[in-house]
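Please open the structure in your viewer and keep the selection tool at hand. This tour moves from the whole chain to single residues, and each stop says what to select next.

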Amino acid sequence: MKKIIGDPPDCDAPDTGKGRRGFLKQGAALVTGAASASLVQGANAQGLAGQPWERVYGAGFTGYGQPSRFEQPVMRHMRRAYGDLAPGSGSALAPIESLEGIITPSGLHNIRSHSGTPDIDPKEHQLLLHGLVQRPLKFSMEALWSYPMTTRTHFVECSGNSAAALAPQPAQVPAGAMHGNIACSEWTGVPLRMLLEEAGLLPQARWLLAEGADSAHMSRSIPVEKALDDALIALYQNGERLRPEQGYPVRLLLPGFEGNMNVKWLRRLKVTEEPTYTKDETSKYTDLQPDGRALQFTFEMGVKSVITRPSSTMKLPRTGFYEISGIAWSGAGRIRRVEVSTDGGATWAEAALTGEERPKALVRFRLPWEWTGREAVLQSRATDEKGRRQPVRKAWLAQYSPAMVYHNNSIVSWAVGADGSVKNVYV
Ligand SMILES: Nc1nc2c(c(=O)[nH]1)N[C@H]1C(S)=C(S)[C@@H](COP(=O)(O)O)O[C@H]1N2
Ligand SMILES: [Mo]
């Protein structure tokens, strides 16, 4: 028999036990709330005889890891506008009802594309910067990858997110199928300001045309102030190169601005004096007013939140303690407060926040809740650092034409039935 080589020691720092004690203290408070852990009776009842996987050698390493096979059902929600005719047009929404924390795994990032995902060879792709500049420049990807970079966490939300929640009747679908046209990633790239300074803006420069290399040549006009502020030429997403669906090899990232302006597969930036009035900002992405006129250039995404757990189509298996959990964000900056109601907005309690120090990023909110078995209506209401607060659904609807489909940031309501079923309702 071969000698068995011991597992090499790892280099983890010793556990000080500090964090653990804190956790145990908090845990004790929760157990009295009758969470779902079961009581152990007697030493033999602990099941320490072991499971089959404890007695065999485990699987080998993988070059690129995948979720547990028991998690396979966690998938994006497809909204393919033209079905098989154009399988990459429309949206694939993030399954926010199955996710926790703040970062959306890259493989579950929402996708919103007008003409599919182009298969771009980075050796052939270039970014052109021209127009009202002293020195027009062309960047190969090799060149872009060698610039100084910065890393920031931001959400990207399609302005059509939650349009499904404007349907006359509340759809009974998972939260992500309605409100999942949003994701939050850690993005790394070159500040656009750096490239603009290298090219040298002429005094008349006011706008930038940003154009994608997909067959739709999706393009938008960007105010030069935003380009010089926090705009990023994004090259990495959650530590690895951008995913093809997110704009590989290069996308424009405009933190807090509507998803559409975050041009993927970026091939051209043209500095102009006026907006270009592209097809994508005239035929679409305008806000229809009650009098039939369309308001153009609503760049900043509103303050918003959604309870993800429990949410539509879920079922509470028992009465007792639950943690209400959800996501909040604002295009204007940081989230200052999220309040949660369990009685349809009659009373509100302040939720605990995680990640609220980051502007224009997802924040996780949580609130403990004791479900007694009675009917309840769960709502969340976010307020941002500019003091803006989510409107109720009726107030939001009153601002626009009934045909308006963009920028729905109104309060979302989930009704819990006496049987524990959770339904989408309009309040
Ligand atoms: N070139 C190009 N850029 C694009 C799009 C597109 O179809 N083509 N879709 C836009 C829209 S409408 C949105 S909401 C965001 C979505 O980004 P994501 O797919 O990474 O979530 O990309 C924007 N950038
Ligand atoms: Mo979008």
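Begin with the whole protein chain, and look at how its parts touch one another: residues 24 or more positions apart account for 72% of the contacts with a separation of 6 or more. Keep in mind throughout that what you see is a predicted model. A cartoon view shows 7 helices and 24 strands in the protein chain.

With everything still selected, turn to the overall dimensions. The C-alpha atoms fill a box of roughly 80 × 70 × 45 Å, taken along the principal axes. A compact globule of 427 residues would have a radius of gyration near 22 Å, and the 24 Å of the protein chain agrees with this. If you display the surface, you are looking at about 22200 Å² of accessible area, of which 55% belongs to carbon and sulfur atoms. Beneath that surface, 48% of the 427 residues count as buried. Colour the charges next, and you will find 49 positive and 43 negative ones, whose mean positions are 2 Å apart.

**First stop: an open sheet**

Select strands 18, 19, 22, 23 and 24, which form an open sheet in the order 19-18-22-23-24 with antiparallel pairing. At the edges lie strand 19 (349–350) and strand 24 (422–425), each of which pairs on one side only. Now narrow the selection to residues 335–341, which make up strand 18, and residues 376–384, which make up strand 22; these two antiparallel strands are joined by 6 bridges. To see one such pair, pick Val 338 and look across to Ala 382, its bridge partner in strand 22.

**Second stop: strand 17 and its partners**

Select residues 320–329, which are strand 17. Is this strand mostly covered or mostly open? It is mostly covered, since 9 of its 10 residues are buried. Add strand 16, which runs antiparallel to strand 17 and is joined to it by 5 bridges; here Arg 309 stands opposite Ser 325 of strand 17. Then add strand 21, also antiparallel to strand 17 and joined to it by 9 bridges, where Arg 364 is the bridge partner of Ile 327.

**Third stop: two cis peptide bonds**

Stay with Arg 309 and show the backbone atoms, for the peptide bond from Arg 309 to Pro 310 is cis, with omega near 0°. Pro 310 itself lies in the loop between strand 16 (304–309) and strand 17 (320–329). Where is the proline that follows Tyr 248 through a cis bond? Select Pro 249, in the loop between strand 11 (240–241) and strand 12 (251–253); the bond that leads to Pro 249 from Tyr 248 has omega near 5°.

**Last stop: two residues with positive phi**

Select Ser 162, in the loop between strand 6 (150–157) and helix 3 (175–179). Its phi is near 70°, a positive value in a residue other than glycine. Ser 162 has a relative accessible area of 2% and is therefore buried, the cut-off being under 20%.

Finish at Lys 360, which is found in the loop between strand 20 (352–354) and strand 21 (363–371). Lys 360 is not a glycine either, yet it has a positive phi of about 55°. Is its place buried or exposed? With a relative accessible area of 13%, Lys 360 is buried.

Conventions. Residues are numbered from 1 along each chain as its sequence is written. Chains are lettered from A and ligands numbered from 1 in the order in which they are written. This is a predicted model: local features need pLDDT of at least 70, side-chain atom pairs count only at pLDDT 80 or more; totals for chains, interfaces and linings use all residues. Side-chain values use heavy atoms; hydrogens and water are left out. Helices (H or I, at least four residues) and strands (E, at least two) are DSSP runs, numbered from the N terminus. The radius of gyration is taken over C-alpha atoms; the globule rule is 2.2 Å times the number of residues to the power 0.38. Buried means under 20% relative accessible area, exposed over 50%, partly exposed in between (1.4 Å probe, protein chains only). Contact means heavy atoms within 4.5 Å. Accessible areas come from the Shrake-Rupley method with a 1.4 Å probe; for residues, only the protein chains shown count as cover. Lys and Arg count as positive and Asp and Glu as negative; His and the chain ends are not counted. The place of a charge is taken as NZ of Lys, CZ of Arg, CG of Asp or CD of Glu. Two strands pair if DSSP finds at least two bridges between them.
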